[in-house]
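Got your viewer open? Let's take a short walk through this model, one selection at a time.

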There are 2 protein chains.
Amino acid sequence: MTEPTPLRFIEAVNGFQRTAVIRTAMELDIFTVVGEGVETAEALAARLGIAEKGARVLADALVVLHLLTKAEGRYRLTAESALFLDRKSARFLGDSVKFQLSEAITGAYARFSEAVKKGGTASDGAGALEPEHPMWIEFAKGMAPLMYTTVLKVAEVAAPAGRVLEVAAGHGKYGIGLLESGAAREVTALDWPGVLRLAEANAKEAGMAEQWRGLPGDALATDWGTGYDTVLLANFLHHFDTATATGILERARAALTAEGRVVLVEHVPEEDRVSPSAPAWFAVQMLATTPAGDAYTLAEYTGMLTEAGFTEPTMHKVPGAARHVLVAERRVR
Amino acid sequence: MTEPTPLRFIEAVNGFQRTAVIRTAMELDIFTVVGEGVETAEALAARLGIAEKGARVLADALVVLHLLTKAEGRYRLTAESALFLDRKSARFLGDSVKFQLSEAITGAYARFSEAVKKGGTASDGAGALEPEHPMWIEFAKGMAPLMYTTVLKVAEVAAPAGRVLEVAAGHGKYGIGLLESGAAREVTALDWPGVLRLAEANAKEAGMAEQWRGLPGDALATDWGTGYDTVLLANFLHHFDTATATGILERARAALTAEGRVVLVEHVPEEDRVSPSAPAWFAVQMLATTPAGDAYTLAEYTGMLTEAGFTEPTMHKVPGAARHVLVAERRVR
């Protein structure tokens with residue numbers, strides 16, 4: 001047996017250092033600059049107007065994180081950073097740090113011990129669930145590119161989607177993706193007014209404005225209307241306790257036609273709740289930032305869905321993301 | 001080729017969440033409690049006086065970090081957490097977080113972008129090198145257990161050490177280890193007075209007070225005396241630029257007998273500066289917290305040592321730690 005070492009513990013303790021390195025890298029847009037062929041510490045320093053030593057230590061750290069390569073003193077993008085972190089890439093998702101490292105989230109983690117003690121966020125009020133919380137503007141702005149493969153998977157498994165209601169639409173990309181793929185005939189996107197303006201702009205930019213309409217309001221209080229073929233609840237139910245989430249699913253059932261169905265996008269850990277690591281870790285995020293949210297297992301989603309009058313869901317893994325798409329049919333009672 | 005995914009980027013961005021989880025785990029002393037046989041979320045909640053959900057999410061996160069195991073809802077220590085994170089273990093090193101997550105260090109990382117721009121710490125004054133900086137009290141208190149295998153390696157490769165001067169002794173464990181192993185005949189430990197009191201207490205506790213004496217002062221200014229067989233510079237030279245570090249080595253040479261030698265404990269990355277990951281990353285720590293410190297390569301240490309009148313060093317890897325011990329002989333000029 002190998003002698004135990006504390007290196008894994010130390011690495012976890014020092015996680016905040018990695019966050020700091022990434023934050024600085026994105027502020028300086030260093031991946032975009034390396035992508036332009038500025039490849040040495042000296043050249044990076046000159047181009048970015050920073051100290052050469054700072055450029056060298058930062059770039060070396062990004063090599064340690066496998067986000068750059070280094071050979072003979074020259075830094076180059078990896079396949080991953082070229083696709084996701086170079087601002088000139090269509091798949092650039094670097095602005096997601098503005099949400100992931102927003103004061104609303106980092107502040108919640110600064111009070112994580114309190115959250116563990118009380119079993120819910122220590123942030124003021126309802127944390128991330130406060131009406132019109134500005135963090136969801138950052139989410140809608142920065143996180144959409146992170147959902148790329150998930151949007152494709154939803155379009156694939158939700159077709160044909162007919163008339164769609166997208167609840168807590170945020171950036172609106174799921175509904176827009178359904179329109180673009182031809183899976184949906186029309187989409188109604190529900191969210192707070194501030195966020196909805198961004199979704200509307202996205203719908204227009206995609207050339208889908210005619211089949212798309214916004215429904216401003218609070219997902220838990222506003223009248224959703226009826227006659228939808230599909231209700232889409234993407235990254236939404238995890239913010240609530242199971243009773244509230246079940247109530248939302250009951251609202252979905254009431255809004256659907258007899259043959260309608262609900263489509264969920266969720267982080268779904270295994271029943272052991274500790275694997276795979278990314279969806280399991282999502283429970284930490286919910287504890288830190290919401291009063292009663294969680295990373296629910298398939299058994300728990302099945303329980304909520306059947307109680308609300310749906311069939312057991314089919315579950316589809318999203319490639320390259322820690323998310324699943326769940327689809328359940330409205331059951332005739 | 002596998003399709004690139006942003007999961008590695010996201011994990012680095014969210015490093016601060018791991019830090020928060022560890023900080024809370026250590027505050028609650030959860031490893032010690034699990035070590036006592038309190039193994040379910042329900043029992044942990046009752047024992048720690050926290051919400052059951054908080055206990056479950058925290059413990060699950062520690063499983064994801066490989067610091068606990070989970071089977072049938074029962075959490076147990078791993079070999080690593082049993083040895084290092086259970087307060088009842090002789091090798092407990094959990095209090096190291098009080099240094100690693102001290103305000104002096106986390107505050108420096110909050111200004112990491114500034115540090116990159118200027119090529120040195122953005123903290124006030126000399127950062128970690130301010131005279132009598134209280135962070136070194138936390139270091140001396142919390143970090144000694146982290147040096148366990150390094151102390152053993154120093155005792156092994158420095159023997160026979162004769163009369164020893166330990167510069168910037170901190171907790172004093174290297175010198176005390178040399179006395180305990182019989183490698184040293186007597187040890188003079190130099191450090192600022194506040195820290196030195198802790199080293200003195202450690203020497204007394206080890207029963208080595210008679211062969212040990214403290215020399216309070218500033219390592220760069222105080223008279224070191226002469227006639228030492230060994231000058232020990234553990235985790236010290238990396239705080240300085242090469243000129244200052246070379247000057248310190250010249251002071252060491254002047255303090256040594258003709259056959260004397262210098263023993264360094266250092267983080268030494270490969271010449272590429274990006275491997276292995278832990279010593280390479282140490283350059284980030286030095287950039288964030290010191291005006292001009294660095295993780296120097298073997299070639300750089302060899303350059304400083306030979307310039308200061310020493311032979312090329314022999315280098316010894318410390319098992320289970322990201323450190324090396326370097327030994328160089330005083331050269332007759």
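How many bridges join strand 8 of chain B to strand 9 of chain B, and do these strands run parallel or antiparallel? Select residues 324-329 of chain B to light up strand 9: four bridges tie it to strand 8, and the two run antiparallel. Zoom in on B:T314, and you'll find B:V327 of strand 9 standing opposite. Keep in mind that this is a predicted model.

Now show the whole sheet. Seven strands of chain B make an open, mixed sheet in the order 5-4-3-6-7-9-8. Strand 5 (212-216) and strand 8 (314-317) of chain B sit at the edges with a single partner strand each, so one side of each has no neighbour in the sheet. On average, neighbouring strands here are turned by 20° against each other, ignoring direction.

Next, pick residues 242-255 of chain B. That's helix 14, which packs on the sheet and touches strand 6 and strand 7 of chain B. Then pick residues 298-307 of chain B: helix 16 packs on the sheet too, touching strand 7, strand 8 and strand 9 of chain B.

Time to bring in chain A. Chain B and chain A bury about 6600 Å² between them, 70% of it on carbon and sulfur atoms. Select B:F9, B:F16 and B:W281: this trio supplies 12% of the area chain B buries against chain A, more than any other three residues.

Last stop: B:D294 and A:R56. Their side chains meet in a salt bridge, 2.4 Å from N to O. Across the interface of chain B and chain A there are four salt bridges and 28 residue pairs in polar contact.

How values were computed:
Residues numbered from 1 in each chain as written. Chains lettered and ligands numbered in written order. Predicted model: local features only at pLDDT ≥ 70, side-chain atom pairs only at ≥ 80, totals over all residues. Heavy atoms only, no water. Pairing = 2+ DSSP bridges. Axes fitted to C-alpha atoms, helices over the stretch in contact; angles between N-to-C directions. Contact = heavy atoms within 4.5 Å. Buried area = accessible area lost by both parts, 1.4 Å probe. Polar contact = N/O pair within 3.5 Å; in protein donor to acceptor, adjacent residues only side chain to side chain.
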